[in-house]
Structures are given as C-alpha cells and as structure tokens.
Amino acid sequence: MVDTMLEAMVQRKSETESTAEQKKIKLDISDLTVSYGKEAAISDVNFKIYENEIFGIIGPANAGKTSFLKALNLMNTFDANMKVEGKILFNGRDIHQLKNVYALRSRIGVVFPLPVGLPMTVYENVALSPRLRGIKDKASLDEIVQRCLQRSALWDEVKDRLDSLGSLLSGGQQQRLTIARALSQEPELLILDEFSIAVDPVTTMRIEEVLKELKNEMTIILVTNLVQQARRLADRTAFFLEGECIETGDTEALFNGQVENSKTTDYIEGRFG
Amino acid sequence: MTTTQTREAMNEQFDRRTLDWYIDKLVEIIVFISGISAIIFVVGIFVFVTMEGMGFLFDSFSFSEFFGSEYWEPSDEDAPEYGILALIAGTASVTGLAMLIAIPFSLGTAIYIAEFSTGKTREYLKVLVELLAAIPSVVWGFIGLTIMNPLIIEIFDVPVGLTVLNAGIILGLMAAPIMTSIAEDALKAVPDRYREAAEALGATRWQVIYKTVLPAAKNGLLGAILLGVGRGFGETMAVLMATGHAVNIPGSVFDSVRALTATIAAELGETAVGSEHYQVLFTIGIFLFLITFVINLTADLIVRGIKNQ
Ligand SMILES: Nc1ncnc2c1ncn2[C@@H]1O[C@H](COP(=O)(O)OP(=O)(O)O)[C@@H](O)[C@H]1O
Ligand SMILES: [Mg+2]
C-alpha cells in the first residue's frame, strides 16, 4: 500500500518535472543589472519566464520593477543615462545582438501605468500598429480595431465615437485604449506595468478576465502594486525589493508561505511596503 | 508544433533588416547632414567676415579708438577716424526703447490670446498677429518716415521726428508680433491640468496665470524676449529710415542716432573692396556676430539654469 502510494507520488513528481521541462522558455534573464548614472536600479536579476504563463512581479515602489520592464523592451535607447548589463534571451535570442530592434519591439506589447492616448482618433490609435505593419485594407483594419477594443472591454463605450480624439476619453477608458493598442500588435509578449492605477475596480476585474484568456495566445508579464491581483492572475511571481529580485516561485506557494525569504511573506501580508 | 514554426519565423524577423529599417537609417543620415551643414554654414560665414575684416584688425586696429571714440569719420581723407561708440549707443538706445515697448505689449497680448480669449476671437487675433509679423521691415521704415515723423514733430513740438523715439516705437511694434506668437505658443504648451489643479485650490484666474502658468512657461517666454532683442540688434532697414541716421550719442529720445547695422548697409556699397573703410565695416560685422552669439549663449545658459532648478 505504502509502496504504491510512494510510487504514485514519485511518478507524479517526475511528471510535473517533465512538463516543466517541456515548457518553452520565452525569456531567459541572467545577471541583469540596470543603472541610471552610477546608481543601480536593479542588480543581478536571474530568472526565466515561460511561454503562455502570466508572470507576476510584485514589490514596493522604487523596487526597480519598471526599470526591469524597460530593459526587456530596449527602452534604454531613449535614455542616454540608462545602462543595461547582463543577458536577456528572447526566444533564445540575445536581444542585444539583434540586427533589427524594431522587429523585437513590435512583438512586445507594453501598457504603461498612466494611459498614453496618442493624439489621434480612437480608431487610429488602435489601427496604428497594423498600419505600421503594412496593413492597408479597410475591412481588415476595421476587424482588428473592433476585435482589440472588444477584448480590452472598451468597444461598447466607444463604438459610436471611434472618430473622436483618443486623448479625450476618460482615464480608465484611455487605459483600455492603450491595452487595445498593445493587442493590435498581436504581441508574443504583453507587458503590463501597474495597469490598474488609473482604472476603476469593475473595469479592472473585466480586464483581468481578458488577461486570463489572452494567456493562451501570449506570454504576459504583470507588474502590479496589488498583491491580490498577482495572486488572482499570476502562475508564478517574482518579488522585487530595493533593486533585487528576492525570489521567484509558484504564486500559490508563495502566498501559502512557502518562501525562501521571510521578507516575501512580510510584504505579501502587508507588514511593510 | 505551430509555435515552433512561428518561433523560427519570428527569429528570422529579428535578423532581417526591412525597408523600414533602411528608411530609418537613411533619415538619420539626412538629418545628420542637414544639422552639420547648418553648423558649417555658420562657421563659414564667420570665417568669411573675419577674413574680410582681418587686414584692419591686425594693422591699424586700436581698441580704445574703435570702442572708445564717438567719431565715425571714415571719409575724412587726411585722418579718417573709426569710432563706433556712437553707433553702439544708437543701436543700444533704439533696441532698449523697443524692448521697453515690445515686452509688455507682446506678453500682454500673448496672455490675452492664450488665457482669456475664446473661440472665434482667439482665431482672428492669432491670424492678425501673424499677419503683422509678416509686414516687411521697409514698410515699417516707411511708416516711421511718413507717419511717425510728422506726428512726433507735431505732438512734442521738436524740430526733427526721425529720432530714437521714432525708431524705438517702430522697432518695438515690429518685434512685438513675432514675440507674441512665440510667447503664446509657450503659454499654450502649459498643460491644462496645471490650470485645473491651481483652480481647484480656489486660485483666481490671475493667480492661476501668475503662480502656475507663467512660471511653467518661463523658458519659452524668455526665448521670445531674447528673440526680440536679437531682432532689434539685427534690424537694418527700418532703423536706417527712422533714426535720422546721424552719428550721435543721444542725450534724450528726441535725438537722432545711427545704428551699427544701418552703417554697414548704407556705406558698404560706396567703399572700395579691400580698402580700410571696407575692412572696418566688416570688423563691425564681426562685432555684431559676437554680440548675437553672446545673447544666444546667455539665453541658453539661463534656460539651462532654469531647467536644473
Ligand atoms: N529615468 C530615470 N533616471 C534616473 N533614475 C531612475 C529613472 N527611473 C527610475 N529611476 C530610479 O530607479 C529606481 C527604480 O525605479 P523604478 O524602476 O521606477 O521602480 P518601480 O517601478 O518598482 O517603482 C528608483 O530609485 C528610481 O528613482
Ligand atoms: Mg514603476
């Protein structure tokens, strides 16, 4: 009896291990250090992010979460002050060796904390990326715009005012417009940086449902200041604190107290941060 | 399986430089060349002007005579004297008066257009200001000669109307529209949320402008003013016509003066190329060039200083 149970357990364990091995690695980050001038914002970050998972990143303000995201998208080309060291493999490719960074950026959708409605109409905001890709056909564009706006839970509110300026929408609507725009890229990787700051709770819940569905099509990195949001959505979670990645782990495990560093539990339970 | 395929395809994209990539690089190169050629032209002009004035600068240039003497007598055959003190005084007095007029006028107009006027009024005013900015300077000079001149003689009961006052007013009116236009752009660039945040604190309209909008637009407003100063220094035709063109250190605004630029414009055509007089005029050119440079540099430093605060 005991033997068979043990056997079953061993078997199950090796099963989970083998499925973990089969999971495709989307991002492999090693010894990543991001600094502004002399000051390091994050140092020596190491972990992997798998395809079709939602990877949560939690941590207090100034922990370096946004700096981490910027490094993934090579945003340092806009900020001469920002320096990135270490290796980032995207689909196994070192992103610092790519001949065409624009091809990489166009595969990564980014949603910033504060919505950025570009100074054009709602329709044009969402059609911009497809147009940059060379799609000119009106019917295809219409279809993409509608699908992306529906997925970002904005369609019903803007379907009658697609031709009004995107920057005239309310904050929460603009954030959903930003998400729709990111989706119009048909990204492999979707990065959300504290997206719910400017969004009301009901809409937040609706977007969360959408993210759960999107997971089947893309990899999602979700930086959030709401630890419960990470719990609801993330398969695995990393905890950042003062420029270091304290630990990464299975989200449920972390929230159930199976942590390597007690600071993680302290943060999750709201004892600081 | 399909993901492996797309992944391979994706990886290929990262190595393929598309047409867009090459266009991007091409634009970068074109922009770089335009930027560099602007610098080359400026340096080239400076070198040319310096070369032309060099003979005088190295042979008979006397600092104390050039800047210290009020006698500009280049045509004196026995002992020509090249003192530009009076010319500097002429340019400075006219520009100073012009700014005294143009700064309050242009800032006031800009604040009215940007902060108070609405709808149609605003549109009409903007078009009008731009129209005024497009009036050629010789027209302004003409107004100085034919309208302002008799008006000043009449009102102030003075013998001549082509004076510092006349040129200062003309130059001030001339510089005001372009200054207004730039100042208005600076005010419009201040985001509305600043105004809303200040209004929410109970600030009056003027308090909102004075405490938040003007400080936020400081750089642009300063730029507008310095552009006006530069315009005053560089303006030639209108001051030539409205100052009376008499070498004189003015004792009051009712005196005639002569400006640096007007001197070059009026005399260069009559001098023999390479003669001493010709070289002196180019030396004045170098001087004007340096002054403009210093004004721009000061502006740049001030703007940087404001940014760092
Ligand atoms: N553009 C920047 N220039 C200089 N320092 C920066 C810049 N962006 C962020 N930092 C600094 O880097 C650290 C990490 O910031 P950030 O990545 O924004 O953290 P988080 O997103 O976790 O709040 C902070 O100390 C912040 O002050
Ligand atoms: Mg952040």
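Met54(B) is found in helix α2 of chain B, which covers residues 19-59. The model is a predicted one. This briefing treats the surface around Met54(B), the interface between the two chains, and the setting of Arg181(A).

**Nonpolar surface of chain B**

- The relative accessible area of Met54(B) is 30%, and the residue is therefore classed as partly exposed.
- Met54(B) belongs to a nonpolar surface patch of about 1,100 Å².
- Other members of this patch include Ile29(B), Phe32(B), Ile33(B), Ile36(B), Ile39(B) and Ile40(B).
- Val43(B), Val47(B), Met51(B) and Phe58(B) also contribute to the patch.

**Interface between chains A and B**

- The size of an interface is often expressed as the accessible area lost when the parts come together.
- Here, chain B and chain A bury about 1,400 Å² between them, and 47% of that area lies on carbon and sulfur atoms.
- Contacts across the interface involve 13 residues of chain B and 15 residues of chain A.
- The two chains are linked by 1 salt bridge.
- Arg93(A) forms a salt bridge with Asp15(B), in which the closest N and O atoms are 3.0 Å apart.

**Arg181(A) in chain A**

- Arg181(A) is located in helix α7 of chain A, comprising residues 171-184.
- Arg181(A) is buried and yet has no salt bridge.
- The nearest side chain of opposite charge to Arg181(A) is that of Glu124(A), 11 Å away.
- Apart from neighbours within four places in sequence, Arg181(A) is in contact with Val116(A), Gly117(A), Leu118(A), Asn125(A) and Val126(A).

Terms used:
Residues numbered from 1 in each chain as written. Chains lettered and ligands numbered in written order. Predicted model: local features only at pLDDT ≥ 70, side-chain atom pairs only at ≥ 80, totals over all residues. Heavy atoms only, no water. Patch = residues over 30% accessible without salt bridge, like charges linked within 9 Å, V, L, I, M, F, W, Y side chains within 5 Å. Areas by Shrake-Rupley, 256 points an atom, 1.4 Å probe, with all protein chains shown as cover. Salt bridge = Lys/Arg side-chain N within 4 Å of Asp/Glu carboxyl O. Helix = DSSP H or I, 4+ residues; strand = E, 2+ residues; numbered from the N terminus. Buried < 20%, exposed > 50% of the residue type's maximum accessible area, 1.4 Å probe, protein only. Lys, Arg positive; Asp, Glu negative; His and termini not counted. Contact = heavy atoms within 4.5 Å. Buried area = accessible area lost by both parts, 1.4 Å probe.
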